[in-house]
Amino acid sequence: MFDKNNIMVTDTISDMLTRIRNANMVKHQIVQIPVTKMSLAIAIILKEEGFIIDFENYEEDNRPYLLLSLKYTGKSRKSVISEIKRVSKPGLRVYANSKELPRVLNNLGVAIISTSKGVMTNLKARELGIGGEVLCYIW
C-alpha cells in the first residue's frame, strides 16, 4: 500500500523545486514542503526576491512543513516564477568562485548559492566576493 508520508527523499532541494514547479503549473495558491534548514533558507530568498508572497511554518502529524504562498500576476494568473532549475545535484556538484558566479538572464533572474557565509543570491555573493555551490536558477 502506498503511503505518501513515509517517502524517503534523498535530494530535498530538488523535491522542493519540483513541488513549486508542479504547483505553479496547475496554479495552486499554496504548496506544502517538508522543512529542512536548506528549504527554509531558499524560502527566505524566494520571498526577499519577490517570487512568492509569503511562507509559514506549520506542523501536521508531528512533522514540520513550510506552506509557501505562490505569487501570480494579472487576470490570467501568470506565475511570477517562469522557470526554476536545479543546477548542482548530489551526483554532480557545481561550484563557482567569486569571479565565475553565474548571471541568470543578465541579472533578471537569480541563482541561489550555498556559501560559507550561508545561502544567498548570486548578486549578494558577488558583492561579498565569495563563491560556493550553485544550487539553482530562478527566473
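**Exercise 1.** How many residues does H1 have, and how far does H1 reach from its first C-alpha to its last?

*Solution.* Let's set the scene. This is a predicted model, where local features need pLDDT of at least 70, side-chain atom pairs count only at pLDDT 80 or more, and totals for chains, interfaces and linings use all residues. Residues are numbered from 1 along each chain as its sequence is written, and side-chain values use heavy atoms, leaving out hydrogens and water.

Step 1: helices (H or I, at least four residues) and strands (E, at least two) are DSSP runs, numbered from the N terminus. H1 has 14 residues.

Step 2: the expected span is 1.5 Å times one less than the number of residues. H1 reaches 20 Å, close to the 20 Å expected.

**Exercise 2.** Find which residues of H1 are buried, and say where they lie around the helix axis.

*Solution.* Step 1: buried means under 20% relative accessible area, exposed over 50%, partly exposed in between (1.4 Å probe, protein chains only). In H1, the buried residues are Ile13, Met16, Leu17, Ile20, Ala23 and Asn24.

Step 2: look down the axis of H1. The buried residues fall within an arc of 130 degrees (taken from the directions from the helix axis to the C-beta atoms), so they line one face of the helix.

**Exercise 3.** Place Thr121 in the structure and list its contacts.

*Solution.* Step 1: Thr121 belongs to strand E9, residues 118-121.

Step 2: Thr121 is buried, at a relative accessible area of 9%.

Step 3: contact means heavy atoms within 4.5 Å. Leaving aside neighbours within four places in sequence, Thr121 contacts Ile45, Glu49, Val110, Ala111 and Ile113.
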